[in-house]
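Have a look at the sequence and the fold shown here. A short walk through a sheet and two helices follows.

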Amino acid sequence: MTRLLSIILLAAAHAAAQPADKLPRPTTGLITPIPAQAVPTTPPPPTAPQCQVIMRPLPGRGPENPGDAGQLTWNVTWDASVSAAQRAVIQFALDEWRNIVLDTTNRIPNPYPITIQFTDFGATSTLLALTSVSYFVASGNLSGATMSFNTRTSFYVDATPGDDSEFSSPTPPAGTDLLTVARHELGHAVGFTQTARIDAWLSNGIFDAARLNIGTDTTTGVGFHTSPSIHPNELMNPSIGPSTRRPISLYPSAALVARAFEYRIPMSFIDPNSPGSLLTGTVNQPYQTIAQAASAPILLFAPTTHHVPLNTIVSGSRTWSAARGGSIIVAP
Ligand SMILES: [Zn+2]
């Protein structure tokens, strides 16, 4: 009997992989979608700016750093204002970004220089932190960054940053989570900033704004962030309430810097409209078909129709998401 395979998957943007022992058995012609997670209810974000990105332009194109490709490494200058406990939390976030940027290509120096400090922003400042990013005007390539945390902020300094369980308790920690703010500011440091590379790659290219579908917020005086109305509770949103922890998301936060600076991250991309023949699955060179993605465990699909042969079997533990929570349509 010939059956028409026409399955519409509604994948949550942040659908988590299921535990291996609960996975459905591979079944010919049947794909079981991961249930969409409820959008977390969060208090309305503060309206005053809580983060500021300062761009420090350097003349010219700067070096292309062709010889330093490889996994991100940091060259950290720790200011004496950072306590040992604070340093341990920030180091955790540094290691997390290192394990996301698996290949820096040639748009930033590697090791990447960064200075980290706590300073007094003054009594009237509403900022939790700010990051200065040095970049070359003509190329948009990055040169280095300085992160400053406001000593007037009451930060929660987690002694066990790898354990988030206290945030799901009825009484989560008071104060602003230093780990989340460090993850966010490091996102700016690795490129979540409005340089020429962001401007050039957010439109008119493969996996462009329409397909990568990242909603951005460029409010004057705050800097380049994700849009809270489009991506609720996203790491790179410009504000955060107290008692809140946010993870580093592969999409949209890491995907955007990967798109702009040609990083390889632990997420592969599929877009049937990807041109050319160099299909590596990176956000700059997406696969065109599910078959090309082979066993890639984490995939972001362009929200369009993806054609597969009849009786295609997809087995194993996979996470499939559509850009901005759109629909993935799999059809013959
Ligand atoms: Zn920010």
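## A sheet and two helices

There's an open sheet made of 3 strands, running in the order β11-β12-β14, with parallel pairing. The edges belong to β11 (268-270) and β14 (319-322), which have a single partner strand each, so one side of each lacks a neighbour in the sheet. From one strand to the next, the twist averages 25 degrees. β11 pairs with β12 (residues 298-301) over 3 bridges, and isoleucine 270 has phenylalanine 301 in β12 as its bridge partner. Strands here are DSSP runs of E with at least two residues, and helices are runs of H or I with at least four; two strands pair if DSSP finds at least two bridges between them.

This is a predicted model, where local features need pLDDT of at least 70, side-chain atom pairs count only at pLDDT 80 or more, and totals for chains, interfaces and linings use all residues. Residues are numbered from 1 along each chain as its sequence is written.

Now for the helices, and how many of their residues are buried (20 or more other C-beta atoms within 10 Å of a residue's own, with C-beta atoms placed from the backbone):

| Helix | Residues | Buried |
|---|---|---|
| α2 | 178-189 | 12 of the 12 residues |
| α5 | 250-261 | 11 of the 12 residues |

α2 is largely enclosed by the rest of the structure. Just after α2, glycine 191 has a positive phi of about 130 degrees.

What do the buried residues of α5 pack against? Their partners include α2, β12 and β14, with contact meaning C-beta atoms, placed from the backbone, within 7 Å. Just after α5, glutamate 262 takes a positive phi of about 60 degrees.

Terms used:
Axes fitted to C-alpha atoms, helices over the stretch in contact; angles between N-to-C directions. Expected span 1.5 Å × (residues − 1). Contact = placed C-beta atoms within 7 Å.
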